[in-house]
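Here is a short guided tour to read with the structure in view. Take your time and turn the model around as you go.

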Amino acid sequence: MRLSMLAAGLALLMPMAAVASSHARTEPSYVRAAVADPARKADAANDARRKIGALMTFAEVKPGQKVVDLIPGSGYFSRVFSAIVGPKGHVYGIWPDAYDKVSQPDSANLRKLSQEPHYANISVLVQPATQFSTPEPVDLVFTSQNYHDYPDKFMGHVDPVAFDKQVYDALKPGGLFVVVDHVAPAGSGMSDTDTLHRIDPAIVKKQVESVGFVFDGESKVLRNPKDPHDIKVFDPSIRGHTDQFAYRFRKPAH
């Protein structure tokens, strides 16, 4: 009896973050169904490596939501978002114009995909890198391995803080901004963004919080302690297995 009472007491004292973390590990049925969608059969070989179910759960994507897949690349995440939000939701695949010019035919391929009835809830937008916006308020802005590109020359040396404020303005109250990117050495700030294609997680957190976002959690499913952090992310020894942080920021509801 005493042990049971002690366990109950410890449970009450357990930090909320720990409780939230344990809940986050349970993938909702709609996430599991989206990952298992036969239409994305070709993506399945990458799912274990990219931890898609865990990331979608961490991003708190839900049926009916409006979601931005920022710089969608091959559309890997867009296809999962589409299946999760369903016909009552919508996915905006957004490319900054400078990025679109160097990533063709990615946006053309996503437009082609959006013409398929199965992916009719996807729209593709190309806009100036300095003018991020959405056609309507959205529930989630998600970007994977691209936040570090904004301050680089080919993007026009966009001020990340100005970009973060535009994301903030595009979100509904309570909406989420999820940033996944390659880890640079601690204290390096943005010095490696154009060379190693990495960024210090601490500078991302500082920049995003500076415009009003509240840090809402971290997922470590893509962390890799074997990554030395001082080589390009395209180096054959680490490509596809870089140490990546995943941060979730929330726009206050009021």
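## A glycine after a helix

In this predicted model, helix 6 is followed by Gly86, a residue with a positive phi near 70°. Gly86 belongs to the loop that lies between helix 6 and strand 2. Is Gly86 buried or exposed? Its relative accessible area is 13%, and buried means under 20%, so Gly86 counts as buried. You can also look for Glu60, which is 26 residues away along the chain: the C-alpha atoms of Gly86 and Glu60 are separated by 15 Å.

## On either side of the loop

Let us start with the helix before the glycine. Helix 6 is mostly covered, as nine of its ten residues are buried. Among them are Tyr76, Phe77, Arg79, Val80 and Phe81, and the buried set also includes Ser78, Ser82, Ile84 and Val85.

Now turn to the strand after the loop. How many of the seven residues of strand 2 are buried? Seven of the seven are, so strand 2 is largely enclosed by the rest of the structure. His90, Tyr92, Ile94 and Pro96 point one way from the strand, while Val91, Gly93 and Trp95 point the other way.

## A helix with a buried face

Helix 8 covers residues 106–114, and its buried residues are Ser107, Leu110, Leu113 and Ser114. Why do they line one face of the helix? Seen down the axis of helix 8, the buried residues fall within an arc of 115°, so they share one face. A general point helps here: an α-helix has 3.6 residues a turn, so residues three or four places apart point the same way.

What do the buried residues of helix 8 pack against? Their partners are helix 6 (76–85), strand 2 (90–96), helix 7 (97–103) and strand 3.

## The sheet

Next, find the sheet. It is an open sheet of seven strands with mixed pairing, in the order 3-2-1-4-5-7-6. Strand 3 (122–127) and strand 6 (214–219) each have a single partner strand and stand at the edges, so one side of each is left without a neighbour in the sheet. From one strand to the next, the twist averages 20°.

Helix 10, residues 201–210, packs on this sheet and touches strand 5 (171–182), strand 6 and strand 7 (244–250). The direction of helix 10 makes about 15° with that of strand 7.

Strand 1 is a good place to look at pairing. Strands of a sheet pair through backbone hydrogen bonds, either parallel or antiparallel. Strand 1 and strand 2 run parallel and are joined by five bridges. Strand 1 (residues 66–70) also runs parallel to strand 4 (residues 138–144), with four bridges between them. Val67 shows both pairings: this residue stands opposite Val91 in strand 2, and its bridge partner in strand 4 is Leu140.

## The whole protein

Finally, step back. The protein has ten helices and seven strands. Its radius of gyration is 19 Å, close to the 18 Å that the globule rule gives for 254 residues, so the protein is as compact as a globular protein of that length. Along the principal axes, the C-alpha trace spans about 65 × 45 × 40 Å.

Of the 254 residues, 48% count as buried. The accessible surface comes to about 12500 Å², and 59% of it belongs to carbon and sulfur atoms. Among contacts between residues at least 6 apart in sequence, 74% join residues at least 24 apart.

Terms used
Residues are numbered from 1 along each chain as its sequence is written. This is a predicted model: local features need pLDDT of at least 70, side-chain atom pairs count only at pLDDT 80 or more; totals for chains, interfaces and linings use all residues. Side-chain values use heavy atoms; hydrogens and water are left out. Two strands pair if DSSP finds at least two bridges between them. Helices (H or I, at least four residues) and strands (E, at least two) are DSSP runs, numbered from the N terminus. Axes are lines fitted to C-alpha atoms, for helices over the stretch in contact, and angles run from 0 to 180 degrees between N-to-C directions. Contact means heavy atoms within 4.5 Å. The radius of gyration is taken over C-alpha atoms; the globule rule is 2.2 Å times the number of residues to the power 0.38. Buried means under 20% relative accessible area, exposed over 50%, partly exposed in between (1.4 Å probe, protein chains only). Accessible areas come from the Shrake-Rupley method with a 1.4 Å probe; for residues, only the protein chains shown count as cover. The arc is that of the directions from the helix axis to the C-beta atoms.
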